[in-house]
Amino acid sequence: MLFGVRMHAFQSGRRPLSPGSRAGLGAALVLLALVSAVEIADGPQAHYIALFVAAPFLAAALAPWRVVLGVGAGATMIGAAFVLAEERVSLDNAVSVVVIALATGIAAAVAAVRQRQAEQIAELSRLAAVAQQAVLRPLGPQVGTLTVAGRYISATATADIGGDLYEVIDTPYGVRMIIGDVRGKGLDAVRLASIVLGSYRHVAFERADLRAIVADLDRAVARSVGDEDFVTAALVEERGGTLTIVNCGHPAPLLLRRGQVIPLEPPAPAPPLGFMPVVRPRVERLEPGDRLLLFTDGLGEARRDGEFFPTADRAWRLLGHGTVGDGLASLETALVEWVHGRLDDDIALVLMEYTGPRTGGGCPVPSWELGAAEA
């Protein structure tokens, strides 16, 4: 393993320099040139060679350790040349050359540690991306009678994974969606999100009633968390042009219809998963072209200077045109611009558009819809 690490470091050192490394090397070379010019202009006696010690440290801030060694070796040789060119070699200048050589070794060690840490961070970012794809699978573009797009906006630049979750599945009971937000952050939140999604992907095909799915998910969460942990969630089903929503303490989805934005609040509040929610469905009839935005509370809490992002006011202008993917991209751009690039919480977004009834017959409407025939 150690041999493999060394070989990896050697191979990475042979790659072309990154822009940051080139910047560090350039700054160090400029410093060497400036100090050398000052020494030449000052006369035969060297007075400023001690400044060469800064060159390897300047390179170490951005460049690989091999580049740092090269800069330090160049600084040492230039300093030694100035000392040897003196009419009378100064002991202080000779010591300065030794110090430059020692500083080169220290700077190279610092650069090696920094480079190793940067490689570890890059590897963790790659692992986070793989975990993100395993937990949150890509959506759409077409699921049943819906065109669908999903987007995850991370509040942390170095990681794209958190406790927000979503899924869209075409089942025998229609297209079913879930969006949720795990209380807390970090690996525990990711673990709980994966448990909820794993359970949902199973029971969504087994339960005809969304309320039964909520009960199953509530038991899965209760078995996996402490007394103060929970998951807010909204479950949505499109069946035969009928939209059914059950809400467990989650922000209400927004229905976009003919220029209007309608919050689909639940008939009665219910607690999050983990607190035995008793939900009441909200039922809406869909029209072709209707769009539905599902989101986590990071969107509702995004603010600048104490002013919250006006989601409902701007939703139609941002989301009502183009494809659903274009709509989410526009929303993300507007949101990041609003908060000046600083989000306090991760945000999961799902936007779907109803394209019309299935051809050749469709799924029966939910049994709880007023006036529905028995399936």
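Two helices count as roughly parallel when the angle between their directions is under 35 degrees. Keep that cut-off in mind as we look around this structure, which is a predicted model.

**A pair of helices**

Let's start with helix α2, residues 19-42, and helix α4, residues 65-84. At what angle do α2 and α4 pack? The angle is about 5 degrees, and the two axes lie 11 Å apart. The two helices are therefore roughly parallel to each other.

Which residues of α2 and α4 meet? On the α2 side they are L25, A28, L32, S36, E39 and I40. Their counterparts in α4 are V67, V71, A75, I78 and F82. Sorted by class, this contact holds 9 nonpolar residues, 1 polar residue and 1 charged residue.

**A sheet of strands**

Now to the strands. An open sheet is built from 5 strands in the order β3-β4-β5-β6-β9, with antiparallel pairing. Strands β3 and β9 (282-285) sit at the edges with a single partner strand each, so one side of each has no neighbour in the sheet. On average, neighbouring strands here are turned by 15 degrees against each other, direction ignored.

Here are three of the pairings, side by side:

| Strands paired | Sense | Bridges |
|---|---|---|
| β3 (residues 164-171) and β4 | antiparallel | 8 bridges |
| β4 and β5 (residues 231-239) | antiparallel | 8 bridges |
| β5 and β6 (residues 242-248) | antiparallel | 7 bridges |

Some individual partners help you find your way across the sheet. Begin at Y166, whose bridge partner in β4 is I179. I179 in turn stands opposite A234 in β5. Elsewhere, L235 has V246 in β6 as its bridge partner.

Strand β4 deserves a visit of its own. It spans residues 174-182 and is mostly covered, with 9 of its 9 residues buried. Together with β3, strand β4 makes a hairpin, and 2 residues lie between the two strands.

**A helix on the sheet**

What packs on the sheet, touching β4, β5 and β6? Helix α7, residues 210-224, does so. The direction of α7 makes about 155 degrees with that of β5.

**Looking back**

To retrace the tour, first find α2 and α4 with their axes 11 Å apart. Then follow the sheet in its order from β3 through β4, β5 and β6 to β9, and finish at helix α7, which packs on that sheet.

Terms used:
Residues numbered from 1 in each chain as written. Predicted model: local features only at pLDDT ≥ 70, side-chain atom pairs only at ≥ 80, totals over all residues. Heavy atoms only, no water. Axes fitted to C-alpha atoms, helices over the stretch in contact; angles between N-to-C directions. Helix = DSSP H or I, 4+ residues; strand = E, 2+ residues; numbered from the N terminus. Parallel < 35°, antiparallel > 145°, perpendicular 65-115°, else oblique. Contact = heavy atoms within 4.5 Å. Nonpolar A, V, L, I, M, F, W, Y, C, P; charged D, E, K, R; others polar. Buried < 20%, exposed > 50% of the residue type's maximum accessible area, 1.4 Å probe, protein only. Pairing = 2+ DSSP bridges.
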